[in-house]
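Work through the following exercises with the sequence and the coordinates at hand. Each task is followed by a solution in steps.

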Amino acid sequence: MTHSQSVIAVLGAGSWGTTFAKVLADAAAAAGSERSIRIWGRRAEVVEQINTKHRNEQYLKDTELPTCITASTDVAEVLDGAGIVILAVPAQSLRPQLREWKPLLAPGVVVVSLMKGLELGTDARMSEVIAEEFDIPAARVAVVSGPNLAMEIAREEPTASVVACSDEATAVSIAVCCTAPYFRPYTSTDVVGVEIGGIVKNVIALAVGICEGRQMGDNTKASVITRGLAETSRLALALGGQAHTMAGLAGLGDLVATCSSPLSRNHTAGRLLGEGLTLEQVTERMTQTAEGIKSGHAVHELAGKLGVEMPITAAVVAVLEGKMSVDDLGPRLLARALKSEGDY
Ligand SMILES: NC(=O)c1ccc[n+]([C@@H]2O[C@H](COP(=O)([O-])OP(=O)(O)OC[C@H]3O[C@@H](n4cnc5c(N)ncnc54)[C@H](O)[C@@H]3O)[C@@H](O)[C@H]2O)c1
Ligand SMILES: O=P(O)(O)OC[C@H](O)CO
């Protein structure tokens, strides 16, 4: 292991970036090691609050942050000497920021993506965008994904996750680094499967939210979740992902958490659409990132290019584009030709 774990930069002071900084701090405390965790945030008031009150109230209410976490609006200061860089900004804003940050990286750095989005226009996964823009090998890019609703983790409720990297040693090293008393990461080398699970579950959660907004019950939601997993798996396999990943924490686990929880922003956005709000009204109401709203289009486009059938995604995208009403979503999915459940 060439990268130092004693200084870690977290770029993004939102819900998950701040929570993951707390996980890293609590992991170090549990291991009896010293660690400095520096968060970069765009807004001075958020940074000030983290430094003075050890809180980020807009995103995490009264959660107390360990004092080894500091924050700055100066990204150069945050990245100075950091051996690990954690990225937690909205997926569509990532690429231009990486270009700005590249000259400031320490040599040999390991970069970890917490993001669950697919880039519009290129259909690239976040790990691909990072490797390309930072010009670093895939062996130094890891992703963390799983049933990880930030607020529950901030409250220290027991949670499991997956750290994936094409290089197993890197995955193990990041997993060790974020193992806290309430946070248990498993490792994987299936970066594609882990990322696709995290991306597509947001689109399926929009569909489940729409069902909820239309007052539909548990049979409907379970049907959408299960068939949602089938189409997520088809896409992941077509891209080289593994079937067992889709049955794991970053596949089924995250899908169930996101589709069931009122804490999920994607689920909430879907519910509001189902209740009759326009996409514009929903977007205005959301104060946090609901990645599925934009990534849905990229997933649909990628599936089209690969010839992968993703009917739930296609229906959600049609609703988002205003080409279909929420009331037509169910009939459209049910009118499809019958098939064997095992057909992939
Ligand atoms: N919140 C969760 O429970 C959770 C869990 C797992 C993964 N994720 C993923 O983590 C990523 C970040 O999500 P989050 O929950 O922290 O989002 P958030 O909306 O809570 O915070 C996003 C942060 O990025 C900043 N930001 C917003 N627009 C920006 C821009 N254009 N350029 C730079 N910075 C910008 C915001 O100021 C904020 O600090 C997403 O991809 C999300 O899917 C979130
Ligand atoms: O709030 P959401 O919908 O972005 O979901 C958060 C996490 O991804 C759940 O694992």
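The exercises below deal with strands, their pairing and one helix crossing in a predicted model.

**Exercise 1. Burial of S7**

Determine how many residues of strand S7 (residues 159-164) are buried, and which residues lie on each side.

Step 1. Six of the six residues in S7 are buried, so the strand is mostly covered, with buried meaning under 20% relative accessible area.
Step 2. In a regular strand, side chains alternate between the two faces of the sheet.
Step 3. On one side of S7 are Thr-159, Ser-161 and Val-163, and on the other are Ala-160, Val-162 and Ala-164.
Step 4. Both of these sets are buried, and both faces of S7 are thus covered.

**Exercise 2. Neighbours of S7**

Find the sense in which S7 pairs with strand S6 (residues 141-145) and the sense in which S7 runs beside strand S8 (residues 183-188).

Step 1. S6 and S7 are antiparallel and share three bridges. Val-163 in S7 is the bridge partner of Val-144.
Step 2. S7 and S8 run parallel and are joined by six bridges. Here Ala-164 has Ser-188 in S8 as its bridge partner.
Step 3. Between S7 and S8 the chain passes through helix H8 (residues 168-177), making a right-handed β-α-β crossover.

**Exercise 3. Strand S2 and its partners**

Describe the burial of strand S2 (residues 36-40) and its pairing with strand S1 (residues 7-11) and strand S3 (residues 69-72).

Step 1. Four of the five residues of S2 are buried, and the strand is mostly covered.
Step 2. S1 pairs with S2 in the parallel sense over five bridges; Arg-38 in S2 is the bridge partner of Ala-9.
Step 3. The connection from S1 to S2 goes through helix H1 (residues 15-31), and this β-α-β crossover is right-handed.
Step 4. S2 also pairs with S3 in the parallel sense, over four bridges. Arg-38 stands opposite Thr-70 in S3.

**Exercise 4. Crossing of H9 and H16**

Classify the mutual orientation of helix H9 (residues 191-213) and helix H16 (residues 311-320), and list the residues that meet.

Step 1. The two axes come within 9 Å and cross at roughly 70°.
Step 2. Angles of 65 to 115 degrees count as roughly perpendicular, and H9 and H16 are therefore roughly perpendicular to each other.
Step 3. The crossing in which H9 passes H16 is left-handed.
Step 4. H9 contributes Val-200, Val-203, Ile-204, Leu-206, Ala-207 and Ile-210, which meet Ile-312, Thr-313, Val-316, Val-319 and Leu-320 of H16.

Notes: Residues numbered from 1 in each chain as written. Chains lettered and ligands numbered in written order. Predicted model: local features only at pLDDT ≥ 70, side-chain atom pairs only at ≥ 80, totals over all residues. Heavy atoms only, no water. Buried < 20%, exposed > 50% of the residue type's maximum accessible area, 1.4 Å probe, protein only. Helix = DSSP H or I, 4+ residues; strand = E, 2+ residues; numbered from the N terminus. Pairing = 2+ DSSP bridges. Right-handed = clockwise from strand over helix to strand, strands pointing away. Axes fitted to C-alpha atoms, helices over the stretch in contact; angles between N-to-C directions. Parallel < 35°, antiparallel > 145°, perpendicular 65-115°, else oblique. Left-handed = near helix turned anticlockwise from the far one by under 90°. Contact = heavy atoms within 4.5 Å.
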